[in-house]
Amino acid sequence: MLEKLAFRKRESRHYSSSNMLHPSCVVSKKNNMDIKITKNSKAFTIISSYSSPYANFREILEELTDITTNINGEVYLIGGDFNAHYQRWGYRDEGSRGKQLQEFIAEKHIFLLNSGDSPPTFEHNNRQGWTDLTTVSKHSLVTICEWDVLKEETYSDHKFVKICINSNISFLPFARFKTAHGGHCKFVNVLKSKVQALRNLISNSSNEEEFNETTRNIQLEIHKTCKQVYKIKRNLLIPNVTWWDST
């Protein structure tokens, strides 16, 4: 299965090396490969899986269980060519492999991005199939993921599957301050005058959007107070990362 995975960062105001994606191959098994992406100290794992129609399907599911268990609760995405028939993802019939895969999805409490009315991901002569499936470990990912079968030529029996994870996280360019030489009492005294107003903002927040805005305001007030009290640290220039293309 060929997949395209895209990350969109809306409202991005600042981009430094600490915000970049750092991929590394963690596990390579007979039927599965595990790539970990680290961003802002948070890990996201992408698992690529292939199951031949003639392979022991239980063995493949056991490999996936081992991988997802060993990543210790981190968020993950599984993209695989499973050759498993099941009506939920588009087939008219249901086979043993499809039932086993559906049981795996239910037991692991993961979420399928494919829908029953999606176009086939496999076409050969007059044959069609929905062999390529994508699942994610968190329901919050389902709401921000776009999953599409592309029409562009792949020179293969399989279609491109494009997965976009739309992130609305804003990155604010906070400076670093010199705090090793005192000034902390002054910081506390300056911030005290702002505490009641910030507490009121928290009390008046009633939904996710308002809490996010309140959190942002608290960060900005702390930053303003630091600027009043501490000197700003000089940041060393970081060379460009050659493999990253920000466009």
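**Exercise 1.** At what angle do the axes of helix 1 and helix 2 cross, and how far apart do they come? Classify the arrangement and describe the contact.

*Solution.*
Step 1. The model is a predicted one. In it, helix 1 (residues 57–70) and helix 2 have axes that come within 10 Å and cross at roughly 15 degrees.
Step 2. Angles under 35 degrees count as roughly parallel, and helix 1 is therefore roughly parallel to helix 2.
Step 3. The crossing of helix 1 past helix 2 is right-handed.
Step 4. On the side of helix 1, the contact uses Phe57, Arg58, Leu61, Leu64, Thr65, Thr68 and Thr69; helix 2 supplies Arg97, Gln100, Leu101, Phe104 and Lys108.
Step 5. Sorted by class, the residues of this contact of helix 1 with helix 2 are five nonpolar, four polar and three charged.

**Exercise 2.** Determine how helix 4 and helix 5 are oriented, and list the residues through which they meet.

*Solution.*
Step 1. Helix 4 (residues 184–203) packs on helix 5 (residues 208–229) at an angle of about 165 degrees, and the axes are 10 Å apart.
Step 2. The cut-off for roughly antiparallel is an angle over 145 degrees, so helix 4 and helix 5 are roughly antiparallel to each other.
Step 3. Helix 4 and helix 5 cross in the right-handed sense.
Step 4. From helix 4, the residues in contact are Lys186, Phe187, Val190, Leu191, Lys194, Leu198, Leu201 and Ile202. They meet Phe211, Thr214, Asn217, Ile218, Glu221, Ile222, Lys224, Thr225, Cys226, Gln228 and Val229 in helix 5.
Step 5. The contact of helix 4 with helix 5 comprises eleven nonpolar, four polar and four charged residues.

**Exercise 3.** Describe the geometry of the aromatic pair of tyrosine 91 and tryptophan 130, and place both residues in the chain.

*Solution.*
Step 1. The structure has three aromatic pairs.
Step 2. In the pair of tyrosine 91 and tryptophan 130, the centres are 5.4 Å apart and the planes are at 75 degrees.
Step 3. Planes over 60 degrees apart count as edge-to-face, and the pair of tyrosine 91 and tryptophan 130 has that form.
Step 4. Tyrosine 91 is in the loop between strand 5 (75–81) and helix 2 (96–108), while tryptophan 130 is in the loop between strand 8 (127–129) and strand 9. The two residues are 39 residues apart, and their pair links distant parts of the chain.

**Exercise 4.** Summarise the confidence of the model, overall and by region.

*Solution.*
Step 1. The average pLDDT of the protein is 81, and 79% of the residues score at least 70.
Step 2. Among the elements, strand 9 (residues 132–136) has the highest mean pLDDT, 96, and strand 1 (residues 2–9) the lowest, 40.
Step 3. Residues 1–19 stay under 50 in pLDDT; the model gives them 61 contacts beyond four places in sequence.
Step 4. Residues 237–247 are also below 50, with seven contacts beyond near neighbours in sequence.

Technical notes:
Residues are numbered from 1 along each chain as its sequence is written. This is a predicted model: local features need pLDDT of at least 70, side-chain atom pairs count only at pLDDT 80 or more; totals for chains, interfaces and linings use all residues. Side-chain values use heavy atoms; hydrogens and water are left out. Axes are lines fitted to C-alpha atoms, for helices over the stretch in contact, and angles run from 0 to 180 degrees between N-to-C directions. Helices (H or I, at least four residues) and strands (E, at least two) are DSSP runs, numbered from the N terminus. Angles under 35 degrees count as roughly parallel, over 145 as roughly antiparallel, 65 to 115 as roughly perpendicular and the rest as oblique. A crossing is left-handed if the near helix is turned anticlockwise from the far one by less than a right angle, and right-handed if clockwise. Contact means heavy atoms within 4.5 Å. Ala, Val, Leu, Ile, Met, Phe, Trp, Tyr, Cys and Pro count as nonpolar, Asp, Glu, Lys and Arg as charged, and the others, Gly among them, as polar. pLDDT is the predictor's confidence in each residue, from 0 to 100. Rings of Phe, Tyr and Trp (its six-membered ring) pair if their centres lie within 6.5 Å; planes under 30 degrees apart count as stacked, over 60 as edge-to-face and the rest as tilted.
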